[in-house]
Amino acid sequence: MKSLWNDADAAQHAGPLGPRVYSSRLLGRDKSLVLHGGGNTSVKLREKNLFGEEQDVLYVKGSGWDLESIEAAGFTPVDLAYVRRLAGLPALSDPQMVNELNTHMLRAGAPAPSVETLLHAVLPHAYVDHTHADVVLSVSNAPRGAERIRALYGDRVVIIPYVMPGFDLAAYCARALRDEAGPKTIGMVLLSHGMFSFGADARESYERMIELVSIAEDELARQQAWAVRLPEARPGSVARQTLAELRGAVSAVAGAPMILRRNAGPKFLAFAQHPEVARLSQQGPATPDHVIRTKPLPMLGTDVAAFGTQYTAYFERHAPQAKDAKTMLDTAPRMLLDREIGFVAIGRTAKDAAIVEDLYDHTIDVILRAEALGGWRAVSERDLFEIEYWDLEQAKLRRSGAAPAFTGEVALVTGAASGIGRACVDAFLRRGAAVVALDRSAAIAETANRPDLLGLQCDVTDPQALARALDDGVERFGGIDMLVLNAGVFPATQPVAEVSQDAWRTAMSVNVEANLHLLQLSHPLLKHAPRSGRVVVIGSKNVIAPGPGAAAYSASKAALNQLARVTALEWASDGIRINALHPDAVYDTGLWTDALLASRAKAYGMSVEQYRRKNLLGTEVTSRDVAELAAEMCGPLFAKTTAAQVPIDGGNARVV
Ligand SMILES: [Zn+2]
């Protein structure tokens, strides 16, 4: 591992916290050091208070910040002298510790300081860096881990056995450091947990971390344990409907819709097919704090009920020995390994599932390298339980606040690259849904740089392309709960006598047949939606009030409308609702250029502004207005409504 330190870049970060921010980000950039909120850093600064008195302040990473993107505001200042006194108490309960830290912050509104704040405080050095480096975990979780670490580092590190984070760990480290540290000591290895380094300045502390981690990397290479070796994977396969059923079962046990993210890439598939997968996967995570996102063990196979029984037994084995009463979390798995399916990460949101996948990606490396050193073993089940049911960890999850309405659900939108479709994507994302966005434009694939949005280029008139898109959507999110049939074409204006066969067929193909195919393909998925399936049809004012010259368009939209009504009749017994909305005069879409608007306005003897508001209410209807209604039609407001047709046109005399 190489130091990424660069003086010119470091200089970009001004202020007393600048170097701390810079080197924290360098650590955060390397996923083999810290992952998703893992790890923490601190600096001790001497500052003047309002009375001109000097005071020692500990700035420590606040919870909710990732090292990779942390800013000065992400470091919480606490009164160092006070926190050190706390660490010297004979005992301190977790709630007391949290109360003391929160009442000794020096900036109102700062994030809650890390649960490892006391540990940072007791270390005498100005800069302290803490990671959960993969390679250190591989060595320390192999047989004779402590001896190996000792042989590797000598007196450059103090070795700390596994102790749960918080007051006890800080007190233990303070004692060990006082008794064991020598002039060469530059860090601490916390067995089965991670690595600390420290130094007088940001660069020294950071580069010591890199040096210590590199030593473990070199050792793994010497022991032929660096390259992660897996047997060749046999291709696996699973029908999308089977995945959707599995998601239904998981969501039922979890008590809320869940996102399932499948990974059948060579590494995950080969691990799922490993002859010893049961032994390797059923011990625990690479470092205990993963457990709040992953639960202690992945589910092997697809028996969700059996997993729940095992999880309940685990809870009942350990809860009676806990200091205070514990309430069992839901018993649904957060990870699945299966020979055919590969790996599935499970989360309340698409982001949570993506994080679980990342954590396990690194866990596989840690496990297999420890295995190459003689045999992987995790911390005890008891230790895992204590972290999983530790109030401070549970509080991290609770802080996320009330979940948006569509959290854990999946919407599929067609014609999603522009206009109403694009606005629908935004409306569903804002409500917490994961979105599969289809469009025939290649631009759609580039919009999707976030875990809850999958943009797929797809010609909806090609049934095979639609099937592939559904496969991809279900692989990424586990199912489809809501469908927005938006893609459509408006052929050039032609009187009936001159309608070309081409224009007619195109309108019927895109506006009707493609939607029929999509409905047919989606039905088995919608049936397994945890909160029942919902379909929204983006219709048209022309269904009710057709215009001259728009025969192909009006006829096709009317046919789609009738299709939706019959679908509502047939699918009600599956709990699936299908409603239509009929927009008119939505001018902020790709169809309407400024020139076209100007020419239409002129034809009516109006200004563009007047033309935009040419409806009973004299109001402008935007793509966003339509999208908000489409999203609401999938929500609780319309829970008892199916086969409705709602105009969204500012009022039209021919429609009322
Ligand atoms: Zn840690």
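Helix α21, residues 551-571, gives the largest share of the lining of the second largest cavity, with 3 residues. The model is predicted. That cavity has a volume of about 50 Å³. Its lining consists of P491, A492, Q494, V499, A503, G549, A550, A551, A552 and Y553. By class, the lining holds 8 nonpolar and 2 polar residues. No charged residue takes part in this lining.

The second largest cavity belongs to a set. The structure holds 5 cavities of 30 Å³ or more. The largest cavity has a volume of about 70 Å³. Its lining is made by 13 residues. Nearest the centre of the largest cavity lie G284, P285, M335, Y360 and T363. Two elements, α12 (277-281) and α15 (350-372), give two or more residues each to this lining. The largest share comes from α15, with 4 residues. Sorted by class, the lining of the largest cavity has 8 nonpolar and 5 polar residues. Charged residues are absent from this lining too: the largest cavity has none, and the second largest cavity has none.

Now turn to the helix packing, starting with α10. Helix α10 spans residues 240-254 and packs with helix α19, residues 463-477. The angle is about 30°, and the axes are 10 Å apart. Angles under 35 degrees count as roughly parallel. The helices α10 and α19 are therefore roughly parallel to each other. Their crossing is left-handed. On the α10 side, the contact uses R240, L243 and R247. On the α19 side, A467, L470, D471, V474, E475 and F477 take part. This contact divides into 5 nonpolar and 4 charged residues, with no polar ones.

Helix α10 has another partner. It packs with helix α20, residues 501-527, at an angle of about 30°. Here the axes are 8 Å apart. The helices α10 and α20 are therefore roughly parallel to each other. From α10, the contact is made by R240, Q241 and A244. From α20, the contact is made by L521, P524 and L525. By class, the contact of α10 with α20 has 4 nonpolar residues, 1 polar and 1 charged. R240 deserves a second look. It meets α19, and it also belongs to the contact with α20.

How do α18 and α24 lie relative to each other, and at what angle do they pack? Helix α18 covers residues 419-430, and helix α24 covers residues 623-633. They pack at an angle of about 50°, with axes 8 Å apart. The helices α18 and α24 are therefore oblique to each other. The crossing in which α18 passes α24 is right-handed. The residues of α18 in this contact are G419, I420, A423, C424, A427, F428 and R430. They meet S623, R624, V626, A627, E628, A630 and A631 in α24. The contact of α18 with α24 contains 9 nonpolar, 2 polar and 3 charged residues. Both polar and charged classes are thus represented here, whereas the contact of α10 with α19 has no polar residues.

The backbone offers two details in loops. Which value does phi take at R144? Phi of R144 is near 55°. That is a positive value in a residue other than glycine. R144 lies in the loop between α6 (134-140) and α7 (145-153). S192 also has a positive phi, near 60°, and S192 is likewise not a glycine. The loop that holds S192 runs between β6 (187-190) and β7 (194-199).

How values were computed
Residues are numbered from 1 along each chain as its sequence is written. This is a predicted model: local features need pLDDT of at least 70, side-chain atom pairs count only at pLDDT 80 or more; totals for chains, interfaces and linings use all residues. Side-chain values use heavy atoms; hydrogens and water are left out. Axes are lines fitted to C-alpha atoms, for helices over the stretch in contact, and angles run from 0 to 180 degrees between N-to-C directions. Angles under 35 degrees count as roughly parallel, over 145 as roughly antiparallel, 65 to 115 as roughly perpendicular and the rest as oblique. A crossing is left-handed if the near helix is turned anticlockwise from the far one by less than a right angle, and right-handed if clockwise. Contact means heavy atoms within 4.5 Å. Ala, Val, Leu, Ile, Met, Phe, Trp, Tyr, Cys and Pro count as nonpolar, Asp, Glu, Lys and Arg as charged, and the others, Gly among them, as polar. On a 1 Å grid over the protein atoms alone, a cavity is a set of points where a 1.4 Å probe fits but cannot get out, and a pocket is an open set with protein on both sides within 12 Å along at least five of seven lines; lining residues have an atom within 4 Å of a point. Grid points are joined across faces, edges and corners, and a volume is the space filled by probe spheres set on the points.
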